[in-house]
Amino acid sequence: MTLQRQIGFWVGSLLVFVLVLVMLRDVMLPFIAALALAYLLDPLADRLERMGMNRLAATIVILVVFLLIFVLGLVLLAPLLGQQLAGLVARLPGDAAKLQALVLEKGAPWLERFGGADLTKEAQNSLGNLVGDGMKWVGGLLQSLWSGGTAIVGVFSLLVLTPVIAFYLLVDWDRMVATVDSWLPLDHRDTIRSLLHEMDMAIAGFLRGQALVCVLLGGFYAIGLSVIGVNFGALIGIISGFLSFIPYVGSLTGLVLSVGVATVQFWPDWTWPLATLGVFLAGQFLEGNIFQPKFVGDSIGVHPVWLMFALLAFGSLFGFVGLLLAVPLAAVIGVLCRFALRQYLASNLYHGGDATRAAAAKARVDADA
């Protein structure tokens, strides 16, 4: 098979995969979630196998323990978070209005001094419109999350079908990997295996490390805000930790929300809003200097801007399924782009036909790979 036909085959396969994903995106969520769960738990199953346990028993033990922890977390946290979520939704319009009035009260004299009454009135109208639009957006988001077509069916399938599918995938994981490996084209098997290994290291390192970082940050923010006494502190902290999967979004969201709530709650005392700010600064220090370097590092090899773009793009195209696939696909695309760049830098196209330099560059690329 010529190179052109090989490229055409793989591009066509990719297009078919994307088309199937688009057509079936409404039913793919439990399968994608189960695939991710099996992928993350496979190293633990392999470790239990090395300890003498057969694959079926290891899978049962792992999934039972995982489900017990998950259910225990729901039982302990769901009532508290549900109560805080209802309270936050109910109080958010009033708190936003109070915060708007506070900003206008303190900022109006400065605006009048530098811009006159017209600028002050225009700023009041703009701020009012901004708050109103923000409240409409939050309300629409919450409504779409619940109503979004098949929300109840989606939650049911995620909670019931995902563990069942993950069980079968985890039992047969090594067999499936060996089968796929046997399908690789013989002429390029070593190169493809090297790329797949690089993808696996990037995806696994990021997913497992970042998941742990999100849990640690969520716990730190929830405990810190609750100790200070900020209303809905546990909920805001957990939301911030969960959104920390997206670089900078989680910390900024939690910071704005918690400082706004603390300012309305404790005004005119600035001590506790500043303490709230301190909690997030401490969280950012821990994330940047301890959590990220220790648990994630540079495993994914993808710039945060590209990662945010991937999350937004795939989320827009495929919904929640796209968010689940965004990081793995971003890592895969990053690995393929780096491979293509290495091949280009070692080719005659880059070296202008100088065969000696091209051969030397290709030898360096092969040695690095």
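**Figure 1. Burial and fold of the whole chain.** Of the 369 residues of the protein, 31% count as buried (under 20% relative accessible area; exposed is over 50%, partly exposed in between; 1.4 Å probe, protein chains only). This is a predicted model: local features need pLDDT of at least 70, side-chain atom pairs count only at pLDDT 80 or more, and totals for chains, interfaces and linings use all residues. Residues are numbered from 1 along each chain as its sequence is written, and side-chain values use heavy atoms, with hydrogens and water left out. The secondary structure comes to 13 helices and zero strands. Both kinds of element are DSSP runs numbered from the N terminus: helices are H or I with at least four residues, strands are E with at least two. From the N terminus on, the elements run α-α-α-α-α-α-α-α-α-α-α-α-α. Contact means heavy atoms within 4.5 Å. Among contacts between residues at least 6 apart in sequence, 68% join residues at least 24 apart.

**Figure 2. Helix 6 against helix 7.** Helix 6 covers residues 189-228 and helix 7 residues 233-243. Their axes come within 7 Å and cross at roughly 160 degrees. Axes are lines fitted to C-alpha atoms, for helices over the stretch in contact, and angles run from 0 to 180 degrees between N-to-C directions. Helix 6 and helix 7 are therefore roughly antiparallel to each other (over 145 degrees; under 35 is roughly parallel, 65 to 115 roughly perpendicular, the rest oblique). The crossing is right-handed: the near helix is turned clockwise from the far one by less than a right angle, whereas anticlockwise would be left-handed. On the helix 6 side, C214, L217, G218, Y221, A222, L225 and S226 make the contact. Their partners in helix 7 are G233, A234, I236, G237, I238, S240, G241 and F242. By class, the residues of this contact divide into nine nonpolar, six polar and no charged. Nonpolar covers Ala, Val, Leu, Ile, Met, Phe, Trp, Tyr, Cys and Pro; charged covers Asp, Glu, Lys and Arg; the others, Gly among them, are polar.

**Figure 3. The loop residue F232.** F232 is found in the loop between helix 6 and helix 7. Its phi is near 60 degrees, a positive value in a residue other than glycine. Most residues other than glycine have a negative phi. F232 is buried, with a relative accessible area of 11%.

**Figure 4. Helix 2 across helix 6.** Helix 2 (residues 29-50) and helix 6 pack at an angle of about 95 degrees. Their axes lie 11 Å apart. That makes helix 2 roughly perpendicular to helix 6. Y39, L40 and P43 in helix 2 meet D200, I203, A204, L207 and R208 in helix 6. The contact holds six nonpolar, no polar and two charged residues.

**Figure 5. Helix 8 alongside helix 9.** Helix 8 spans residues 249-266 and helix 9 residues 271-296. The two pack at an angle of about 165 degrees, with their axes 8 Å apart. Helix 8 is thus roughly antiparallel to helix 9. Their crossing is right-handed. From helix 8, the contact takes in S251, G254, L255, S258, V259, A262, T263 and F266. From helix 9 come W272, P273, T276, L277, F280 and Q284. Eight of the contact residues are nonpolar, six are polar and no residue is charged.

**Figure 6. S251 and the ring cluster.** S251 is found in helix 8. At 11% relative accessibility, S251 counts as buried. S251 touches Y221, S244, F280 and Q284, not counting residues up to four places away in sequence. Ring pairs link F220, Y221 and F280 into a cluster. Rings of Phe, Tyr and Trp (its six-membered ring) pair if their centres lie within 6.5 Å; planes under 30 degrees apart count as stacked, over 60 as edge-to-face and the rest as tilted.

**Figure 7. The F167 and Y168 ring pair.** A search of the whole structure finds five aromatic pairs. One of them joins F167 and Y168 in an edge-to-face arrangement. The values are 5.4 Å centre to centre and 75 degrees between the planes. F167 counts as partly exposed at 22% relative accessibility. Y168 counts as exposed at 53%.

**Figure 8. T59 and its distant neighbours in sequence.** T59 sits in helix 3 (residues 55-147). At 0% relative accessibility, T59 counts as buried. T59 touches F167, L170 and V171, leaving aside residues up to four places away in sequence. The C-alpha atoms of T59 and L169 are separated by 9.6 Å, with the two positions 110 residues apart along the chain.
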